[in-house]
Amino acid sequence: MKIKDLLFIVLLCFFCSSFFSQDKKTDSLLNVLKKHSNDTLAAKAYFGLGTIFIEKGMIDTGYYFLKKGFSISKNLNFIRGLAVSNNYLGRVFNYRGNQDSSVYHFTQAMKYYSELKDSARMSGMLNNLGVAYKSRGNISKAMDYYFQALKIKDRLHDTEGIASA
């Protein structure tokens, strides 16, 4: 067997296993939704489905599932779910180039993570806000958010986060 053929088979197996494992995860999340339609598990399942479809490049489908998770979180006053869904929705709007909506959702996520006293995730939202403002061309405001995120990462001794900031 030639090296090219062997490499092709290895790559094919890698991509197939990745594809099928993704389908197993999707099936698992759909099974959760069969048993849980309006609770925190359902919201989390919708977030999981949303991220899977976004990773596959199916932004609109991912957005649909994220909005479903957001709606459940809102109805239940599930604060962590509201934080997570606003973060993901901010990312979707950032992908779509709608920085105003992106900033709105990242700011909302920041508010909820603050309420939860989740400094690590607050730092992430500050970084996301920096990205959104950089995309808008507002470098000084972006830098302000990046530095705020860096301060939190430093306080948390998050060396990996500091290195990537």
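Contact here means heavy atoms within 4.5 Å. With that in hand, here are the close-ups of this predicted model.

**View 1. Helix α3 against helix α4.** In this close-up, I59, D60, Y63, L66, K67, F70, S73 and K74 of α3 touch G81, L82, S85, N86, Y88, L89, V92, F93, Y95 and R96 of α4. The two axes come within 9 Å and cross at roughly 155°. That angle makes α3 roughly antiparallel to α4, because anything over 145 degrees counts that way. As for handedness, the crossing of α3 and α4 is left-handed.

**View 2. The Y63–F93 ring pair, with R96 alongside.** Zoom in on Y63 and F93: the ring centres are 5.8 Å apart and the planes sit at 80°, so this one goes down as edge-to-face. Y63 belongs to helix α3 and F93 to helix α4 (residues 79–96), so the pair ties together parts that are 30 residues apart in sequence. Buried or exposed, where does F93 fall? F93 counts as buried, at 12% relative accessibility. Y63 is partly exposed, with a relative accessible area of 22%. Y63 also has a charge for company: the charged end of R96 sits over the Y63 ring, 4.7 Å from its centre.

**View 3. Y46 stacked with F65.** Searching the whole structure turns up six aromatic pairs. In one of them, the rings of Y46 and F65 have centres 6.1 Å apart and planes at 25°, so the pair is stacked; the cut-off for that label is under 30 degrees. The pair links distant parts of the chain, with Y46 in helix α2 (residues 40–55), F65 in helix α3 (residues 59–76), and their positions 19 residues apart. Both Y46 and F65 are buried.

**View 4. The aromatic cluster, and a lysine over F53.** Pull back a little from the stacked pair and ring pairs join Y46, F53, Y64 and F65 into a cluster. One member, F53, has K56 lying over its face, at 5.7 Å from the ring centre.

**View 5. Helix α2 beside helix α4.** What angle do α2 and α4 pack at? It's about 20°, with the axes 11 Å apart. That makes α2 roughly parallel to α4, since angles under 35 degrees get that label. The crossing of α2 and α4 is left-handed. On the α2 side the contact is made by F47, T51 and I54, and on the α4 side by G81, V84, S85, Y88, V92 and Y95.

**View 6. Helix α5 packed on helix α6.** Here α5 (residues 99–115) and α6 (residues 119–136) pack at an angle of about 165°, and their axes are 9 Å apart. So α5 is roughly antiparallel to α6, and α5 passes α6 in a left-handed crossing. The α5 residues in this contact include F106, M110 and Y113, and they belong to a set that meets α6 residues including M122, M125, L129 and Y133.

**View 7. The whole chain, for orientation.** Stepping back, the chain has eight helices and zero strands, which reads along the sequence as α-α-α-α-α-α-α-α. Buried residues make up 38% of the 165 residues in the chain. Of the contacts with a separation of 6 or more, 45% come from residues 24 or more positions apart.

Note on methods. Residues numbered from 1 in each chain as written. Predicted model: local features only at pLDDT ≥ 70, side-chain atom pairs only at ≥ 80, totals over all residues. Heavy atoms only, no water. Phe/Tyr/Trp six-rings, centres within 6.5 Å; stacked < 30°, edge-to-face > 60°. Helix = DSSP H or I, 4+ residues; strand = E, 2+ residues; numbered from the N terminus. Buried < 20%, exposed > 50% of the residue type's maximum accessible area, 1.4 Å probe, protein only. Lys NZ or Arg CZ within 6 Å of the ring centre and 35° of its normal. Axes fitted to C-alpha atoms, helices over the stretch in contact; angles between N-to-C directions. Parallel < 35°, antiparallel > 145°, perpendicular 65-115°, else oblique. Left-handed = near helix turned anticlockwise from the far one by under 90°.
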